[in-house]
Amino acid sequence: MWALKKLNLEWDVATNLRVEQLNELDEFQFHAYSSSSLYKDKIKYLHDKYIRNKEFKEGDLVLLFNSRLRMFLGKLKSKWSGPFEVVHVTLFGAIDMKNKNGEILRVNGYRVKHYLGKVDDSHIVALIHFK
């Protein structure tokens with residue numbers, strides 16, 4: 001009986017303690033959310049820092065991604081063909097390229113990447129940088 005009276009007398013102290021605990025939980029959740037957004041910003045910065053810039057200019061050598069390559073089936077066949085020489089770049093990202101025969105192709109800039117190999121007169125040594 002004494003314990004019940006003791007608990008009933010300190011009811012407002014118990015409620016204040018519980019409200020303080022709930023406020024602490026809300027503050028903890030707020031700090032966790034803000035730190036997670038900071039983490040996401042840092043990871044996005046690091047990811048964007050290592051993305052290569054795809055700005056092409058006339059005279060660059062590029063490789064073309066050929067997704068419609070069905071003639072040579074196999075795991076080790078490369079879908080990148082080229083190198084091609086950039087002739088003209090439009091404002092919206094379309095690229096005019098010239099192949100070895102002098103034919104000019106117009107392709108979307110998303111299907112093209114910079115060629116990182118060496119071009120000799122006798123043969124082409126392809127050093128393709130896969131990402």
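How many bridges join E2 to strand E3, and do the two run parallel or antiparallel? I looked this up first and found four bridges between E2 and E3 (residues 94-98), with the strands antiparallel. I note at the outset that the model is predicted.

**Entry: overall layout**

I went through the elements of the protein chain and found two helices and seven strands. Along the sequence they follow the pattern α-α-β-β-β-β-β-β-β. I looked up burial next: of the 131 residues in the protein chain, 13% are buried. The chain exposes about 11,700 Å², and carbon and sulfur atoms supply 60% of that area. For contacts between residues at least 6 apart in sequence, I noted that 45% join residues at least 24 apart.

**Entry: confidence**

I checked pLDDT before reading any detail. The protein chain averages 78, and 73% of the residues score at least 70. Among the elements, E3 has the highest mean pLDDT, 93, and strand E7 (residues 124-125) the lowest, 42. Over residues 121-131 the pLDDT is below 50, although this stretch has 20 contacts in the model beyond near neighbours in sequence. Where pLDDT is low, the predicted coordinates should not be read in detail. I left that stretch alone.

**Entry: strand pairing**

I followed the pairing from E1 onward. Strand E1 (residues 61-65) runs antiparallel to strand E2 (residues 80-89), and four bridges join them. In this pair Val62 stands opposite Phe84 of E2.

I then went back to E2 and E3. Met97 in E3 is the bridge partner of Val86, and Lys98 in E3 stands opposite Glu85. E2 and E3 form a hairpin with four residues between them, and Gly93 in the turn has a positive phi of about 100 degrees.

On to E4. Five bridges join E3 to E4, again in an antiparallel arrangement. Met97 stands opposite Leu105 in E4. The hairpin of E3 and E4 has five residues between the strands, and Gly102 there takes a positive phi near 95 degrees.

**Entry: the core**

Which residues make up the largest nonpolar core? I listed nine: Phe56, Val62, Leu64, Phe84, Val86, Ile95, Met97, Val107 and Val112. E1, E2 and E3 each supply at least two residues of this core. In soluble globular proteins, nonpolar side chains tend to be buried together.

I looked up the surroundings of Phe84 in particular. Leaving aside neighbours within four places in sequence, Phe84 is in contact with Asp60, Leu61, Val62, Leu64, Met97, Lys98, Asn99 and Leu105. Among these, Val62 is also the residue opposite Phe84 in the E1 to E2 pairing.

**Entry: Asn99**

Asn99, one of the contacts of Phe84, is found in the loop between E3 and strand E4 (104-108). Is Asn99 buried or exposed? I noted a relative accessibility of 18%, so Asn99 counts as buried, the cut-off being under 20%. The side chain of Asn99 reaches the backbone nitrogen of Glu103 at 2.9 Å.

**Entry: Lys57**

I ended with Lys57, which lies in the loop between helix H2 (11-49) and E1. Lys57 counts as exposed because its relative accessibility is 57%, and the cut-off is over 50%. I also looked up the separation of Lys57 and His88: they are 31 residues apart in sequence, and their C-alpha atoms are 7.4 Å apart in space.

Note on methods: Residues numbered from 1 in each chain as written. Predicted model: local features only at pLDDT ≥ 70, side-chain atom pairs only at ≥ 80, totals over all residues. Heavy atoms only, no water. Pairing = 2+ DSSP bridges. pLDDT = per-residue confidence, 0-100. Contact = heavy atoms within 4.5 Å. Core = buried A, V, L, I, M, F, W, Y, C linked by side-chain atoms within 4.5 Å. Buried < 20%, exposed > 50% of the residue type's maximum accessible area, 1.4 Å probe, protein only. Polar contact = N/O pair within 3.5 Å; in protein donor to acceptor, adjacent residues only side chain to side chain. Areas by Shrake-Rupley, 256 points an atom, 1.4 Å probe, with all protein chains shown as cover.
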